[in-house]
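I opened the notebook today to go through one chain, and I wanted to record what I looked up in the order in which I looked it up.

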Amino acid sequence: MTKEDKIVDIYTDGACKGNPGVGGWGAVLKYGVHEQEIFGGEKHTTNNRMELLAAIRALESLKRACRVRLYTDSQYVHNGIGQWMQAWKARNWRTANKKPVKNEDLWRTLDRLSQKHDIEWLWVRGHAGHEGNERADMLANRGVKKILIEAESTS
């Protein structure tokens with residue numbers, strides 16, 4: 001990576017109808033004039049898992065190492081990656097109370113993907129009119145709807 005590389009802006013969000021319940025994740029990726037929207041969902045999940053999965057799927061979609069500004073409205077994701085993860089890893093994925101880290105599978109994946117890129121993790125207030133966050137929220141809810149429609153068609 002060079003300083004001349006353009007920055008990829010990524011906006012992520014997760015949604016859950018019930019917690020746990022049907023969940024969805026969404027992300028908007030912007031690189032110069034190019035944009036990509038991605039979304040998906042799961043039948044039985046939590047909001048925190050969907051927030052993590054949004055960031056994971058967005059980073060997985062990058063084809064090469066990039067400079068990234070990743071925007072999330074999740075304090076869980078923002079604090080986890082920026083403050084808690086190093087201590088979790090030092091304690092073999094245990095909390096300060098010696099309990100297993102929740103969503104360890106996704107945290108490990110996010111950690112691995114984060115090592116491939118130069119990422120600035122930015123928190124934004126959700127549902128506050130931030131255009132990228134609003135679009136990611138819409139995509140996350142589209143992911144929920146997709147799962148609900150699939151469930152109806154199989155019943």
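**Entry 1, asparagine 103.** I started with asparagine 103, which counts as buried because its relative accessibility is 15%, below the cut-off of 20% under which a residue is called buried. I note at once that I am reading a predicted model. Asparagine 103 sits in the loop between α2 and α3, and its phi is positive, about 65°, although asparagine 103 is not a glycine. Leaving out residues up to four places away in sequence, I found that asparagine 103 touches Asn48, Arg49, Leu52 and Tyr76.

**Entry 2, tyrosine 76.** I then followed one of those contacts to tyrosine 76, which is found in helix α2. Is tyrosine 76 buried or exposed? Tyrosine 76 counts as buried, because its relative accessibility is 16%. With residues up to four places away in sequence again set aside, I listed Asn48, Leu52, Trp84, Lys102, Asn103 and Trp107 as the residues that tyrosine 76 touches. I also looked up its separation from asparagine 48: the two are 28 residues apart in sequence, and their C-alpha atoms are 7.0 Å apart in space.

**Entry 3, helices α2 and α3.** I next turned to the two helices on either side of that loop. The axes of α2 (residues 75-90) and α3 (residues 104-114) come within 11 Å and cross at roughly 90°, which means that α2 is roughly perpendicular to α3. Which residues make the contact? On the α2 side I wrote down Tyr76, Val77, Gly80, Ile81, Met85, Trp88 and Lys89, and on the α3 side Trp107, Leu110, Asp111 and Ser114. By class, the residues of this contact divide into 7 nonpolar, 2 polar and 2 charged.

**Entry 4, the buried residues of α3.** I listed the buried residues of α3 as Leu106, Trp107, Thr109, Leu110, Asp111, Leu113 and Ser114. What do the buried residues of α3 pack against? I found that they pack against α1 (47-60), α2 and β5 (118-123).

**Entry 5, the largest pocket.** I asked how much space lies in the largest pocket, and the value I noted is about 230 Å³. Its lining is made by Val8, Leu29, Lys30, Tyr31, His34, Glu35, Gln36, Ser61, Leu62, Lys63, Arg64 and Cys66. The elements that contribute two or more residues to this lining are β2 (21-31) and β3 (34-45). I sorted the lining residues by class as well, and they divide into 5 nonpolar, 3 polar and 4 charged.

**Entry 6, backbone checks.** I closed with the backbone geometry in two other loops. Asparagine 19 and proline 20 are joined by a cis peptide bond, with omega about 15°, and proline 20 lies in the loop between β1 (7-18) and β2. Histidine 127 has a positive phi near 55° in a residue other than glycine, and its place is in the loop between β5 and α4 (131-153). Histidine 127 is exposed, because its relative accessible area is 60%, whereas asparagine 103, which also has a positive phi, counts as buried.

Methods: Residues are numbered from 1 along each chain as its sequence is written. This is a predicted model: local features need pLDDT of at least 70, side-chain atom pairs count only at pLDDT 80 or more; totals for chains, interfaces and linings use all residues. Side-chain values use heavy atoms; hydrogens and water are left out. On a 1 Å grid over the protein atoms alone, a cavity is a set of points where a 1.4 Å probe fits but cannot get out, and a pocket is an open set with protein on both sides within 12 Å along at least five of seven lines; lining residues have an atom within 4 Å of a point. Grid points are joined across faces, edges and corners, and a volume is the space filled by probe spheres set on the points. Ala, Val, Leu, Ile, Met, Phe, Trp, Tyr, Cys and Pro count as nonpolar, Asp, Glu, Lys and Arg as charged, and the others, Gly among them, as polar. Axes are lines fitted to C-alpha atoms, for helices over the stretch in contact, and angles run from 0 to 180 degrees between N-to-C directions. Angles under 35 degrees count as roughly parallel, over 145 as roughly antiparallel, 65 to 115 as roughly perpendicular and the rest as oblique. Contact means heavy atoms within 4.5 Å. Buried means under 20% relative accessible area, exposed over 50%, partly exposed in between (1.4 Å probe, protein chains only).
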